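This briefing concerns the internal spaces of a single structure and the arrangement of some of its strands. Please consult the sequence and the model alongside the points given here.

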Amino acid sequence: MRILIVGAGATGGYFGARLAQAGQDVTFLVRERRFNQLQKTGLILQTPQGNETLQPQLVQASSLNGNYDLIILTVKSFGLDQAMEDIAPAVGPDTLIMPVLNGMRHIDTLRTRFGDRQVIGGLCKINATLGEHGEVVQMTPLHQIYYGALDGHNDARLQRVDAALRSSTVETFFTADIISELWEKWLLLSTLGAVCCLARGNTQQVLQSEGGEALLQSIFSEILAVISADGYQPRPAITAKIYELLNNPATPMTSSMYRDLTQGFEIEAGQVIGDLLLRAKRNGINTPLLNAVNVNLQVYRQGR
């Protein structure tokens, strides 16, 4: 299977490296700066088990040719439009496109551009970041990837994807209900991002503050109400587990959006929070706390 990983940041770099180490035919589509960096240093993984370096196959958009069997998108959501332009020459009639992005808006965007038949669902769970010199730093052993057909019909094409992903050392989940998984990932990451960005701290600091647990619970409830009104079929045992994970004062947690914000980077405000507000409005759901978070993030972006 010919696999194109779009992006070689913390997510794309890690999962792409594991697929390449498993013997899969993996190429990373990267920008010029990252291309030059990886050519010089190789792709470095720093994991709890130790450090590893591999020499990846690299390509830039201007040199992309030939169709790929699987394209895994790992860019930030605000980079999706450019990524779609970049990958267009690599998309053939049997190419499957698996986005691993935050939120849900990107699913409709990709289906509009490339068609329903070519877009499948995907998400990952990993605590990773890029180090000072471009190395992929895996902060905990967590490295899960979920995938499946958006309509639940995992045909032979999806079976091939499953076989390729299972060949690696990452933990895989091949599911007939990827839509529920996507809603639940959004519930987790948007609650985490909203709380951390609004409070400017990790969940431990929030929960140790007066009114912190009430803030967490209220934001979580608003988001759950929005996604339930917009199509999510709640799985109470799973939503309870998500809330329990967030509401653990012993474990400080932050979101990637919060980490980007504290470093002065561009953030996925529109995709993670703004899109929830659009869905809330069209479903008549009142979301005062999400509105406060959104104003906060807009002010941050104006000041960049």
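The points that follow treat cavities, a pocket and strand pairing in turn.

The model is predicted. Across the whole structure, a search returns two cavities of 30 Å³ or more. Helix α1 (residues 10-21) provides the largest share of the lining of the largest cavity, and α1 also gives the most to the lining of the second largest cavity.

**Largest cavity**

- The volume of the largest cavity is about 50 Å³.
- Five residues of its lining come from helix α1 (residues 10-21).
- The full lining of the largest cavity consists of Ile5, Thr11, Gly12, Phe15, Gly16, Leu19, Ile72, Thr74, Val100, Cys124 and Ile145.
- By class, seven of these lining residues are nonpolar and four are polar, with no charged residues.

**Second largest cavity**

- For the second largest cavity, the volume is about 40 Å³.
- Phe15, Arg18, Leu19, Ile72, Ile145, Leu165, Ser168 and Val170 form the lining of the second largest cavity.
- Three residues of this lining belong to α1.
- The lining of the second largest cavity comprises six nonpolar residues, one polar residue and one charged residue.
- Phe15, Leu19, Ile72 and Ile145 appear in the lining of the largest cavity and also in that of the second largest cavity.

**Second largest pocket**

- The second largest pocket has a volume of about 180 Å³.
- Its lining includes Arg111, Asp116, Arg117, Val119, Ile120 and Ala149.
- Leu150, Asp151, His153, Asp155, Arg157 and Leu158 also line the second largest pocket.
- Six charged residues, five nonpolar residues and one polar residue make up the lining of this pocket.

**Strand β2 and its partners**

- Strand β2 (residues 25-29) is mostly covered, with four of its five residues buried.
- Strand β1 (residues 2-6) runs parallel to β2, and five bridges join the two.
- Within this pairing, Leu4 has Thr27 of β2 as its bridge partner.
- From β1 the chain passes through α1 to β2, forming a β-α-β crossover that is right-handed.
- β2 is also joined to strand β5 (residues 57-59) by three bridges, and these strands run parallel.
- In the pairing with β5, Phe28 stands opposite Leu58.

**Links between the topics**

- Helix α1, which contributes to the lining of the largest cavity, is also the helix through which the chain crosses from β1 to β2.

Conventions. Residues are numbered from 1 along each chain as its sequence is written. This is a predicted model: local features need pLDDT of at least 70, side-chain atom pairs count only at pLDDT 80 or more; totals for chains, interfaces and linings use all residues. Side-chain values use heavy atoms; hydrogens and water are left out. On a 1 Å grid over the protein atoms alone, a cavity is a set of points where a 1.4 Å probe fits but cannot get out, and a pocket is an open set with protein on both sides within 12 Å along at least five of seven lines; lining residues have an atom within 4 Å of a point. Grid points are joined across faces, edges and corners, and a volume is the space filled by probe spheres set on the points. Ala, Val, Leu, Ile, Met, Phe, Trp, Tyr, Cys and Pro count as nonpolar, Asp, Glu, Lys and Arg as charged, and the others, Gly among them, as polar. Buried means under 20% relative accessible area, exposed over 50%, partly exposed in between (1.4 Å probe, protein chains only). Two strands pair if DSSP finds at least two bridges between them. A crossover is right-handed if, with the strands pointing away from the viewer, the path from the first strand over the helix to the second runs clockwise.
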